[in-house]
Amino acid sequence: MYKLWSLAWVFALLSLVAVGGGTAVLPEMERLVVHQFHWMGDQQFRDIYSLGQVAPGPNMLMVMVIGYRLAGAAGAAVVGVAFFLPDCILTFFANRLWYRLSQSRWRTALQRGLAPVAIGLMLSGTYALARLSITNFMGLSIAAVTFGILSWRRVNPLLLISAGGLAYLIFIIR
Amino acid sequence: MDSARPLSPITNEREAHPVKVGAIFKTFFTAGAISFGGGVVAYLREYLVHQQKWLDDEGFLDALELSETLPGLNSVNMSVIIGDRLRGIAGAAAAVAGLLLPGMVVMMTLGVLWSEQRHNPYLRAVLIGVAASAVGLLTTVTLQLGHRQFVRLADLLFIGATFVAVSLLNISLVIVLLTLGPLAIWYYRPVAHPSESAQYFLHLRERFRSHRAHWRH
């Protein structure tokens, strides 16, 4: 029971500080889940993140698997509600307020000010994932090739991500 | 600019042809089921703007702008905003439920299977490769999303300060947001007369929007 409460408030907090979206909150999630609460090792955390990449919909649905690992089906349900409901309620009311603020020039200040912070957080999220997944030349090559192809043209990311998984599997087997 | 525009352009249309809650659920469910590999927002745009024509590009980008400013996932925030504008609170609930349901089912299935096999070295190898590939993907997304911020000195300083605080100093995200957030907003506070640079920004934003409209599609 105590674990369910911890899961609920940790993931509710994470959703409300996710300025810049899921990637932006990844370092804080790792900090809390792996280093502060010791709920799982960083490799399991990375593997669950990867599962999110191959499922449809928002990648951050992977938080439910973190809940599942820790407290079974109840854990998954608690984390799912905690991560999505408070943020939806906030967005619902903020959306209605936003149009009343449309004349306010503070609205522009808010957008312009939060944009670079959000980008910085996304960089941190990318860096956190890189530290967990790029441990050798093969990992680095997979990341670089994915980046190169996506900068060059639009390809469905799932294709590249599957190719990345396959490439690393061949690298391990060989 | 859009700041003086009243509500959203879909209001009148909504009164003439109310969108059914079931149709909202079905459309968001399709987007949620088919959006493999991330980029859910691009799928939402395709379904809502181009296929259902429930709102125009301008309305979509307005909602996106707010979604990006608010905490939480962009795609979920978009669903709440657009669902609410189409059919109030019931529309918002149907949109979010539809968007998340297919992913939740697939995610939990994968999660249960993974839990059984989590020590399998081959499975772990695949997942390491997926994560490494995701690093390349996230780098692309971050650079594209921030291409305006990366060329401005003030923004670069805020980006750098945020990165150093979170990644190198391991400072709690709450503290980072409560210090750098207000500081950055204050830096861009409204001034009595829009400066040349602010006008230049508005001009750039227009160009950025049309550019973004292009590549997101």
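Me: Which residues of helix 6 of chain A meet helix 7 of chain A?
Reply: This is a predicted model. In it, helix 6 of chain A uses M138(A), G139(A), I142(A), T146(A), I149(A) and L150(A). Across from them, helix 7 of chain A offers L160(A), G164(A), A167(A), Y168(A) and F171(A).

Me: How many of those contact residues are nonpolar, polar or charged?
Reply: Eight are nonpolar and three are polar. None is charged.

Me: Where do the two helices sit in the sequence?
Reply: Helix 6 of chain A covers residues 137-152. Helix 7 of chain A covers residues 157-173.

Me: And what angle do they pack at?
Reply: About 155°, with the axes 10 Å apart. Angles over 145 degrees count as roughly antiparallel, so helix 6 and helix 7 of chain A are roughly antiparallel to each other.

Me: Is the crossing left-handed or right-handed?
Reply: Helix 6 and helix 7 of chain A cross in a right-handed way.

Me: Switching topic. How many helices and strands are in chain A?
Reply: Seven helices and zero strands. The pattern along the sequence reads α-α-α-α-α-α-α.

Me: What box do the C-alpha atoms fill?
Reply: Roughly 60 × 45 × 25 Å, along the principal axes.

Me: What share of the residues is buried?
Reply: 58% of the 174 residues in chain A.

Me: What about the accessible surface?
Reply: Chain A has about 7200 Å² of it. Carbon and sulfur atoms account for 69% of that surface.

Me: Last one. What share of contacts joins residues 24 or more positions apart?
Reply: 59%, counting the contacts in chain A with a separation of 6 or more.

Definitions and conventions: Residues are numbered from 1 along each chain as its sequence is written. Chains are lettered from A and ligands numbered from 1 in the order in which they are written. This is a predicted model: local features need pLDDT of at least 70, side-chain atom pairs count only at pLDDT 80 or more; totals for chains, interfaces and linings use all residues. Side-chain values use heavy atoms; hydrogens and water are left out. Axes are lines fitted to C-alpha atoms, for helices over the stretch in contact, and angles run from 0 to 180 degrees between N-to-C directions. Helices (H or I, at least four residues) and strands (E, at least two) are DSSP runs, numbered from the N terminus. Angles under 35 degrees count as roughly parallel, over 145 as roughly antiparallel, 65 to 115 as roughly perpendicular and the rest as oblique. A crossing is left-handed if the near helix is turned anticlockwise from the far one by less than a right angle, and right-handed if clockwise. Contact means heavy atoms within 4.5 Å. Ala, Val, Leu, Ile, Met, Phe, Trp, Tyr, Cys and Pro count as nonpolar, Asp, Glu, Lys and Arg as charged, and the others, Gly among them, as polar. Buried means under 20% relative accessible area, exposed over 50%, partly exposed in between (1.4 Å probe, protein chains only). Accessible areas come from the Shrake-Rupley method with a 1.4 Å probe; for residues, only the protein chains shown count as cover.
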